[in-house]
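Trainee: Could you take me through one part of this structure closely? I would like to look at the aromatic rings and then at what lies around them.

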Amino acid sequence: MTESTAPHGEHRTTLLRRGEVHSPADPFATAMVVERGHIAWVGSEGAADAFADGVDEIVDLDGALVTPAFTDAHVHTTATGLALTGLDLSAAPTLADALRLVREHSAAHPGGQILIGHGWDAIRWPEGRHPTRVELDEASGGRPLYLTRIDVHSAVVTTALLDLVPGVTELAGYHPEAPLTAAAHHAVRAAAHAAVTPAQRDAAQRAALDRAASVGIGTVHECAGPDISDEDDFTALLALAASRPGPRVVGYWAERIADAKGARRIRELGAVGAAGDLFVDGSLGSHTACLHEPYADAAHTGSAHLDAAAVAVHVAACTEAGLQAGFHAIGDAALSTVVAGIRAAAETLGLARVRAARHRIEHAEMLTPETVAAFAELGLTASVQPAFDAAWGGDEGMYARRLGVERARTLNPYAALLRAGVPLAFGSDSPVTPLDPWGTVRAAAFHRTPEHRVSVRAAFTAHTRGGWRAVGRDDAGVLVPGAPADYALWQTGHLVVQAPDDRVARWSTDPRSGTPGLPDLSPGSELPVCLQTVVQGQTTWTNHL
């Protein structure tokens, strides 16, 4: 597949040919030249001959598809790696199976260290309930155990772990017979994560980055913060990423600031923004997303962590410091709070300055026409996770149980956001949902609520170029001359141009339109297989089929 005339190194010039190159520069491109970590040329097979004698390496694509590498705009890297290398309950079909996995994991890891697991989801289990503390005490052999729900906004724990956290029973969110939320959850999470050794953390981070590269992801946005991880974890990840050929890691630190001193501290950590999971509310699955009206299956409206005044202070401080701000907001009341706060900051600083900062909102699920319009007005990026809809949407899904069918059908309105001109950046929130970019694109194109569907092309753009735009880069995430050479090679079937439904103009799906094709992602079809991932011209992963 490869002919090489130079040693491996940063400044190799490579010609890729005899494939399908997904590029707006040439919708029929079959070849590409990479030089000094950037795309130098994209074009046809005939024109490629002129470059063959002047390059260090020729890659025969043998029909493979070349696309920009994906950007996952919302990842928790260490937690992802711990799930990959440790106790993952996301595939457990029953509560009994989950308890069996806990027993097996405890037996396989003898000693006194804290056990950490992730991924239980009682809604999917026939028993219809979470594991009790008594059950977990028995399954763990009396050891400290921390098990997060699939959304990571609540956790069940053993008595031994509670004993390690003095005063936890007095904290908000502590429930003797229910999963822990809010401050109580944060306290036990801190105790569990403090027990992870540097070696374990490094192995977990490497496993997560390797998995990302193996599915064609070239960049991840790490969403860290004091309520999620700790500074050592964050800085260690950034250092690890800098020592590898890829994937790139763009770090966000979710801590409120009020002045220039706070902004300097965020930058000193290596973060590009005081954003990510700066919590305005929680999650729908854990009944902690903040709603205007009560849950359909609980007599309350969730949890509010910030008010509009606090949002305004943070956004104003970030904007004045030239720093990106952002928040985690899922419920309609939380999103109303965010919009009110950012609008107040814009009234003080001027709308143009706030828009130029490209502040971002994570998840943004329960939007209304009014908040969609406000996102567009304020220049906000919606960092969203289409796999949430695939997992929990539909009239029989978790969202419908929590909200009722009518409210659930309003969630994740991607088409409305695009029509309003709101930039989208797709991610996974891994380990909440897996690192699976083509599955994410499919989930957006085949949304469980048809009116929210977008074209495969729009979804693909949100998962490639959208992630770069979310960090202020308009020159990347696309294979055109001058762009960073971040790309992936794929084994796939015929390329098509898929529209969400008949309302999309027919010219866009006609080959004569010159619209570059993408793999057929129809439900049930096989997703593309990643053959190689390249970041800044350097191979970061190869599939040895």
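Mentor: What follows starts with the aromatic rings, goes on to some unusual backbone places, and ends with the chain as a whole.

The model is a predicted one, so treat each value below as computed from that model.

A search of the whole structure gives 10 aromatic pairs. Take the pair of F70 and W438: the arrangement is edge-to-face, with 5.1 Å from centre to centre and 85° between the planes. F70 belongs to strand β8, which covers residues 70–75, and W438 belongs to helix α18, which covers residues 437–445. The two parts are 368 residues apart in sequence, so this pair ties together parts of the chain that the numbering sets well apart. In general, two numbers describe such a pair, the distance of the centres and the angle of the planes.

Are these two residues buried or exposed? F70 has a relative accessible area of 0%, so F70 is buried. W438 has 2%, and W438 is therefore buried as well, since the cut-off for buried is under 20%.

W438 also pairs with F460. This pair is stacked, with 5.6 Å between the centres and 20° between the planes. The angle falls under 30 degrees, and that is why the pair counts as stacked, while an angle over 60 would make a pair edge-to-face. F460 lies in helix α19, residues 456–463, and the link to W438 in helix α18 joins distant parts of the chain, 22 residues apart. F460 is buried, as W438 is. Taken together, ring pairs link F70, W438, F460 and W490 into a cluster.

Helix α19 also holds R457. R457 has a relative accessibility of 35% and so counts as partly exposed, whereas F460 of that helix is buried. From R457 to A271 the C-alpha distance is 31 Å, and the two are 186 residues apart in sequence.

Now go back along the chain from helix α18 to the loop between β19 and α18. The loop holds D429 and P431, and strand β19 covers residues 424–426. D429 has a positive phi, near 60°, and is not a glycine. D429 is buried, with a relative accessible area of 6%. The peptide bond that joins S430 and P431 is cis, with omega about 15°. Why point these out? Most residues other than glycine have a negative phi, and most peptide bonds are trans, so such places are exceptions.

There are further examples elsewhere in the chain. The bond from G246 to P247 is cis, with omega near -5°. P247 sits in the loop between α8, residues 231–242, and β14, residues 248–253. H363, which is not a glycine, has a positive phi of about 80°. H363 is placed in strand β17, residues 360–363, and is buried at a relative accessible area of 2%.

For one more buried residue, take L147 in strand β11, which covers residues 145–149. L147 has a relative accessible area of 1%, so L147 counts as buried. Beyond its neighbours within four places in sequence, the contacts of L147 include L87, L89, V102, H118, W120 and L136. Also among them are S154, A155 and V156. By contrast, L147 and A345 are 39 Å apart from C-alpha to C-alpha, with their places 198 residues apart in sequence.

Last, the whole chain. The protein has 20 helices and 24 strands. A compact globule of 545 residues would have a radius of gyration near 24 Å, and the 23 Å of this protein agrees with that. The C-alpha trace spans about 75 × 55 × 50 Å along its principal axes. Of the 545 residues, 57% count as buried. Among contacts between residues at least 6 apart in sequence, 71% join residues at least 24 apart.

The accessible surface comes to about 21,300 Å², and 53% of that surface belongs to carbon and sulfur atoms. As for charge, there are 42 positive and 63 negative charges, and their mean positions are 2 Å apart.

Methods. Residues are numbered from 1 along each chain as its sequence is written. This is a predicted model: local features need pLDDT of at least 70, side-chain atom pairs count only at pLDDT 80 or more; totals for chains, interfaces and linings use all residues. Side-chain values use heavy atoms; hydrogens and water are left out. Rings of Phe, Tyr and Trp (its six-membered ring) pair if their centres lie within 6.5 Å; planes under 30 degrees apart count as stacked, over 60 as edge-to-face and the rest as tilted. Helices (H or I, at least four residues) and strands (E, at least two) are DSSP runs, numbered from the N terminus. Buried means under 20% relative accessible area, exposed over 50%, partly exposed in between (1.4 Å probe, protein chains only). The radius of gyration is taken over C-alpha atoms; the globule rule is 2.2 Å times the number of residues to the power 0.38. Contact means heavy atoms within 4.5 Å. Accessible areas come from the Shrake-Rupley method with a 1.4 Å probe; for residues, only the protein chains shown count as cover. Lys and Arg count as positive and Asp and Glu as negative; His and the chain ends are not counted. The place of a charge is taken as NZ of Lys, CZ of Arg, CG of Asp or CD of Glu.
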